[in-house]
Each structure stands twice: as C-alpha cells, then as structure tokens.
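Reader: I should like a close look at a single part of this structure, namely the way in which its domains meet. Please give a connected account of that part and of what surrounds it.

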Amino acid sequence: MKKLGFVGVMVAVFFMVGSATAGTLDDVKAKGYVQVGVNGDLFGFGKPDGKGVWKGLDVDTGRAIAVAVFGDPNKIKFIPLTAITRFTALQSGEIDVLCRNATRTLSRETALGLNFVQVNYYDGQGFLVPKALGVKSAKELDGAAVCVLPGTTTELNVADYFRSTGMKMKPVVIENTAELAKAFFAGRCDCLTSDASQLAGTRAVAPKPDDYIILPEIISKEPLAPVVRHGDDQWYDIVNMSVLAMINAEEMGITSKNIDEMLKSKDPKVQRFLGVSPGNGKALGLDEKFAYNIVKMVGNYGEVFDRNVGKNTLLKIERGLNALWKDGGLMYSPPFK
Amino acid sequence: MVVAGEEKIPFFNDPAKRSLIYQFGVMVTVAFLGYYLMSNTLTNLERQSIATGFDFLEKESSFEIGESLIDYSAADNYFRALLVGVLNTLKVSFIGIVLTVLLGTIIGVARLSANWLVSRLAAIYIEVLQDIPVLLQLFFWYALFYEMLPAPRQALNPIAGMFICNRGLIFAVPADHPVWAWMGWTVLAVLVAVYVMRRWALRRLYKTGKPFPVFWSSIALMVSLPFIVWMLGGAPTKMDVPQLLGFNFQGGISLSPEFAALLLGLVLYTAAFVAEIVRAGIQSVNKGQTEAAKALGLRSGKVLSLVVIPQALRVIIPPLTSQMLNLTKNSSLAVAIGYPDFVSIANTTINQTGQAIEGVAMIMAVYLGLSLLTSALMNWYNKKIALVER
C-alpha cells in the first residue's frame with residue numbers, strides 16, 4: 001500500500017506541474033513562435049495564395065504580433081480554424097491569439113472567457129444574391145433559403161432580422177467556408193449572408209463575379225478584432241498595442257518606406273513611438289524597437305488595408321468606417337507614452 | 001499448535017486477499033484521477049472566467065434550423081434546439097438502418113447468386129463502396145444534388161404533384177382530414193390481428209397438421225380494412241400540392257438535399273458491409289443442413305426460411321448490430337454537408353455559449369444512449385433467436 005501511495009503522489013505531482021501555467025509571453029518565447037488562429041479560406045483576411053504564402057489583413061495583424069515579440073514576421077505559425085472551432089482552440093490554449101474576423105460581443109467577452117483587443121476592421125452584415133434573382137432589397141427575401149456559417153454572430157443576426165421583419169427563412173448551414181460558397185454558387189440557396197467584407201471576398205473568387213450583387217442593407221454592427229484569453233493582462237496589452245501601433249503610425253504619417261527618415265525626427269511623440277527615447281517597450285516587456293519593427297516589416301494600418309482589401313485589390317473595399325478618425329472613420333489610437 | 005497442511009500464509013500471498021488489494025488500489029487511483037481532472041478543469045474554467053453549468057439550456061437560442069420534426073423557431077430555447085437535433089439524428093439513423101438492412105441483405109444474397117453477372121456486380125459494389133471513405137461519398141452525393149439539379153423555377157416535374165430541384169424533392173401529400181388518423185389506427189389494429197392470427201395458425205398447424213394461408217390473409221386484411229374506413233369517412237381526395245411561391249415551394253412534404261445525400265451516402269456505404277455479413281452468415285450454415293431439409297421434402301423457400309436463415313441469423317446479428325451502431329455514429333458527418341443533426345446543433349450551441357465541456361458531454365451522452373439502446377434491443381433479439389440448449 002505504501003508503494004501505491006507513492007505512485008499516487010508521483011501522479012499528482014506530474015499533473016500539477018503540467019497544469020501550472022506561465023504567462024503567455026513566456027510560453028511564446030519558449031516555443032520560439034506565435035501560434036495565430038486564422039480563417040484559412042477568406043480572401044483578403046486570411047488565406048494562403050497560390051504559392052502557399054499566407055495573405056490577408058488578419059494574417060498581417062498576426063505578423064505584427066510576431067514582430068512585436070521576436071522582431072521577425074516569420075516566427076509565426078498560422079492555424080486555420082472554422083467559425084465553430086475558433087474559440088475552443090483559444091480557450092484550450094491551442095493558439096496564443098485569434099485573428100479570424102471575430103465579432104466583439106458581450107457574451108463572448110464574459111461567458112466565453114475571452115478578451116477582444118482594438119478592432120482591426122469595422123464591418124456589418126449584408127446579403128449577396130445572384131443578379132438573376134431580381135431582388136433589389138433584403139426586404140424582398142421572404143421565404144428565401146439562406147446560406148450562413150454556423151456558430152457566427154451572422155447566424156444570429158439573420159434570424160433576428162427575419163424575425164423582426166416578419167419574414168420566413170430556411171437556413172442552410174455548412175461549417176466550411178469554401179463548401180458553403182460552393183453550395184451558394186451552385187444555387188442551393190437564394191442568398192449568402194455574412195459580413196460585407198467577407199461577401200466581397202467570396203464574390204471576388206466566384207466563377208463569374210459580375211453575376212452577383214451585394215444588397216444595400218447592412219443589418220448589423222460587426223466590430224472585428226483579435227482575441228486573447230481572459231486573465232493574462234500582459235499578453236492582452238502586447239496584442240492590443242501591436243494593432244494600435246499600426247493605426248498610430250498611420251496617424252503620424254509613418255510608413256514602411258519613410259520610417260528610417262522618421263527616426264531622425266525631432267518630434268518627441270515620434271521619438272517615443274519609434275523607441276528613440278525608450279520606455280514604451282520596457283513597460284510592455286518587449287524590445288524598445290517593437291513599434292519601429294512592426295511598421296518597418298509589416299506596415300502601417302493604411303498600408304496593410306490597401307495591400308489586402310483596398311481599392312487596388314480584387315475586393316475593392318473603400319476605407320469607410322475603417323478610415324482614420326481625422327478622415328471621418330473610426331480608427332483612433334490612444335497616445336503612445 | 002499448528003495443524004499440518006494449514007501453514008500460515010502471509011496475507012499478500014493469499015490470492016483472494018491479494019486480488020482484493022489490487023482492485024482496491026485501482027479503484028482509488030481511478031477515483032483520484034477522476035477527482036483531479038474534475039477539480040483541475042473547474043479551477044481552470046474559473047480562472048479564465050468561462051461560464052459553467054447547464055443554465056444555458058433555458059436561454060433563447062436565437063438561431064434558425066433548416067429542418068425539424070417538431071415546431072421550432074429562433075425564439076425557442078437551446079434545449080428545444082438540441083432536441084430538434086436529436087430527433088434529426090434519430091430520423092436519419094432509423095430510416096438509414098432499415099434501408100441498410102434491406103439493401104445489404106439483397107446484395108449479400110446476390111453475391112451468392114449462381115448467376116455469374118449478378119454475383120460479379122454485387123462483388124464490385126461491395127469492393128468499391130467499402131473502400132471509399134464515407135465522408136467523400138457524402139460530399140459526392142451532396143455536390144451531385146446541388147450541381148446537377150435545376151433551380152426551383154426550372155424544377156423537374158416528373159409526375160403531377162412532385163417536383164425535383166436543388167432545394168430537394170417536394171411532393172404532394174393528402175390534405176389534413178380526420179379520416180387519415182382513423183386509417184392509421186385501423187392499420188395498428190390490423191397489425192395486432194395479424195399477430196394473433198399467426199399464433200393461432202401455428203397452434204392449429206402443430207395440432208392438426210393443416211396449414212393456414214397467413215401471408216395472403218394478412219395482405220387482404222391490410223388492404224381492405226383501411227380502404228373500408230376511407231370509404232366510410234367520405235373518401236377524401238383533396239391533396240396538399242406544393243406550389244412555387246416567391247423563392248421556394250410551399251406546401252406538401254419536402255426532402256432536403258442534405259438529408260437525401262446523408263441518407264444515401266450512409267446507406268450505400270454501410271450496406272456494403274452488411275452484404276458481406278449476410279453472405280458470411282449464409283455460408284456458415286453447413287451444406288448438410290440444406291440437404292437434410294431437402295431430404296425431408298421441404299420446398300426450397302421453406303428450406304431457406306425454416307432451416308438456413310434461423311441458423312444464419314445467429315452469425316449475422318452480432319456484427320450487424322455493430323454496423324447499425326456505425327451508421328448511427330457516422331451520421332454525425334452530417335456537419336460537413338449541412339444537415340442539422342445533433343452534433344451540428346450542439347457545435348453551434350457550444351460556439352454561441354462557449355460551454356464546450358457541457359456541450360461535448362451532452363454529445364457523448366446522447367451517442368452513448370443511442371448506442372446502448374440499439375445494443376439492448378439487438379441483444380434481446382439475439383437471445384431470442386439464439387440456439388436453445390437443453
């Protein structure tokens with residue numbers, strides 16, 4: 001019996017050691033890379049290109065975090081997740097941060113035990129329909145079969161919208177984004193509903209993009225933001241400030257092209273931001289050059305936006321709500337001091 | 001004084017006591033591990049302030065479900081949403097099992113056919129469908145349905161009142177009338193009558209040796225009595241014919257492409273395994289049995305039904321049960337093609353409420369329950385047909 005008790009203690013010790021968690025930053029440094037949950041199928045936000053290089057607004061946000069921690073945008077591992085699996089993957093510690101066009105809501109902040117950082121894309125839900133359907137407004141969609149991703153805010157919004165307008169709908173829910181789009185293009189449903197940016201992305205890769213239109217109604221607010229777990233304030237700050245650094249750089253007119261000249265700037269705000277006068281990095285537990293590195297290696301918010309979803313891409317999305325506050329948008333960064 | 005032969009054995013060398021000690025030890029370890037996992041999980045959940053408990057079942061679900069056997073809307077709670085999922089799983093599993101056993105038996109018998117072509121075709125069917133992963137088959141059938149079939153406005157209309165399009169198979173059903181319920185009760189009554197008649201005929205056969213045409217009398221009853229009830233009830237002929245209103249058909253009954261693809265994929269796949277089980281069962285019956293039965297003067301139909309099948313069933317039933325369980329469990333692949341089965345709805349629930357542990361526990365409980373139920377029924381049947389040894 002003594003032997004058995006000893007084994008019991010051994011087992012107990014083993015498990016206790018296993019479950020004692022260090023801070024996420026220490027874990028990430030020990031691993032040598034950041035694990036970022038991304039979409040995987042969403043053009044413009046998170047999808048590998050023809051050569052297998054990950055591209056997208058959310059992907060670049062993830063790279064900014066890797067740069068902040070390691071000073072290297074390649075010390076990162078992308079993990080494609082479906083709408084259903086994304087939060088569980090974050091809760092269970094499979095990923096360090098989720099950059100997967102996730103909408104910030106009250107229940108996700110509380111009951112799901114998550115924290116959303118600065119919004120990196122302000123979106124709203126719309127409807128994509130084939131032109132041939134002859135529908136001009138979402139109010140004409142009574143009785144429609146609606147393709148929607150399960151487990152999203154979109155799924156709830158569309159049910160709310162049809163309920164509040166007294167219309168009927170038949171949802172067709174398929175977990176995989178690509179499979180869902182295929183079913184829609186084949187005519188399994190009358191309309192596809194999702195965030196407007198996603199609809200633009202889906203239409204861009206349609207067999208015949210011109211055969212589809214996005215209806216004018218936007219039925220919801222969808223502030224999309226990176227997400228971290230509750231209970232690790234230091235990691236939250238790092239992710240938050242990585243996103244804000246890109247926005248702040250655009251506000252200050254710092255781009256990846258002119259940043260080395262800006263290092264010589266006499267403006268104390270710029271000096272503090274780029275780590276010429278130290279303090280910010282130490283406060284976060286990062287290199288003093290973290291903001292400089294992010295802008296230099298990934299770009300400011302405007303550059304990232306234009307490169308992935310802007311007017312010169314297939315998506316052709318206007319800045320709109322995502323413009324800087326100075327230009328009538330919502331992007332606003334607190335001071336870096 | 002020590003009696004010879006009753007040497008004192010140390011307790012750890014006594015097999016009975018030793019096994020008790022080991023069992024106790026294992027029990028304590030398992031209980032300890034269980035307790036540890038439980039408390040560790042709870043602590044971690046609390047640390048991350050994730051909600052726990054089953055309170056969420058009372059909350060409004062706020063999502064719609066594509067098809068349901070009971071009334072459901074987004075205003076109902078999660079419990080009802082999950083119930084819809086359980087019923088959808090039961091629907092596809094039950095219909096799937098019935099069709100699988102029928103198709104599997106036919107193909108299994110065809111495999112043994114003396115006709116070269118028939119037995120080759122059955123062999124090809126079995127080899128091909130067994131070897132392709134069922135998920136791929138589901139994708140194939142689903143894509144076939146929505147890619148090949150026309151839009152609702154160009155729906156095929158092979159016979160009056162029936163439409164086929166990429167929204168599914170929609171057909172007319174008799175409009176609501178009390179007579180249909182009465183006919184349902186009549187059918188039940190006839191079933192009871194047939195059962196009683198069969199027992200009586202068997203007893204008479206043993207006593208007097210005179211056979212009674214049970215099969216044909218049953219058919220006659222089954223057809224005539226409901227028909228008489230229908231005539232008495234005023235012979236209603238009004239039909240609920242589906243009509244294209246707006247985007248989709250309204251009225252009638254519709255079979256969605258998701259359901260059809262799932263059912264077809266599961267049945268075709270599992271039937272290939274069942275066919276092999278049936279073949280093995282029939283081949284396991286000694287040839288001498290058939291020859292003896294023939295020597296007794298039984299017709300070939302009677303040889304099969306009285307001698308071969310009862311013995312083959314003993315071999316068939318246990319592996320057949322496990323195929324039934326496989327089909328039920330494989331029905332959770334519905335997630336991939338958008339049929340709202342229990343797993344699909346539980347996944348959505350987990351995602352909307354964030355309570356993965358409760359959700360996964362429910363999924364496990366439901367599938368365990370379904371499996372145990374199927375096993376219990378099949379074990380009971382197996383006992384009934386098992387060889388009675390005297």
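Author: In this predicted model, 16 residues of domain 1 of chain A are in contact with 16 residues of domain 2 of chain A. On the domain 1 side, the residues that touch domain 2 comprise ten nonpolar, five polar and one charged. Domain 1 is assigned to two stretches of chain A, 22-122 and 224-327, and domain 2 to residues 125-220. Between the centres of the two domains, taken over C-alpha atoms, the separation is 29 Å.

The nonpolar core gives a further view of this meeting. The largest nonpolar core has 162 residues, of which A:V146, A:I294 and B:L262 touch the most other members. Helix α7 (residues 257-284) of chain B contributes 15 residues, the largest share of this core. Both domain 1 and domain 2 of chain A also give residues to the core, and it therefore lies between them. In soluble globular proteins, nonpolar side chains tend to be buried together.

A:V146 merits separate attention. Beyond its neighbours within four places in sequence, A:V146 is in contact with A:V158, A:M169, A:K170, A:P171, A:V172, A:C189, A:C191 and A:T193.

The contact between the chains completes the picture. Here 37 residues of chain B are in contact with 38 residues of chain A. Four helices of chain B, α1 (15-47), α4 (134-148), α10 (334-337) and α11 (342-353), each supply at least two residues of the side that touches chain A. By class, that side of chain B has 15 nonpolar, 18 polar and four charged residues.

Terms used
Residues are numbered from 1 along each chain as its sequence is written. Chains are lettered from A and ligands numbered from 1 in the order in which they are written. This is a predicted model: local features need pLDDT of at least 70, side-chain atom pairs count only at pLDDT 80 or more; totals for chains, interfaces and linings use all residues. Two residues are in contact if their C-beta atoms, placed from the backbone, lie within 7 Å. Ala, Val, Leu, Ile, Met, Phe, Trp, Tyr, Cys and Pro count as nonpolar, Asp, Glu, Lys and Arg as charged, and the others, Gly among them, as polar. A nonpolar core is a set of buried Ala, Val, Leu, Ile, Met, Phe, Trp, Tyr and Cys residues joined through C-beta atoms within 7 Å. A residue is buried if 20 or more other C-beta atoms lie within 10 Å of its own, exposed if 12 or fewer, and partly exposed in between; C-beta atoms are placed from the backbone. Domain bounds come from an automatic or database domain assignment.
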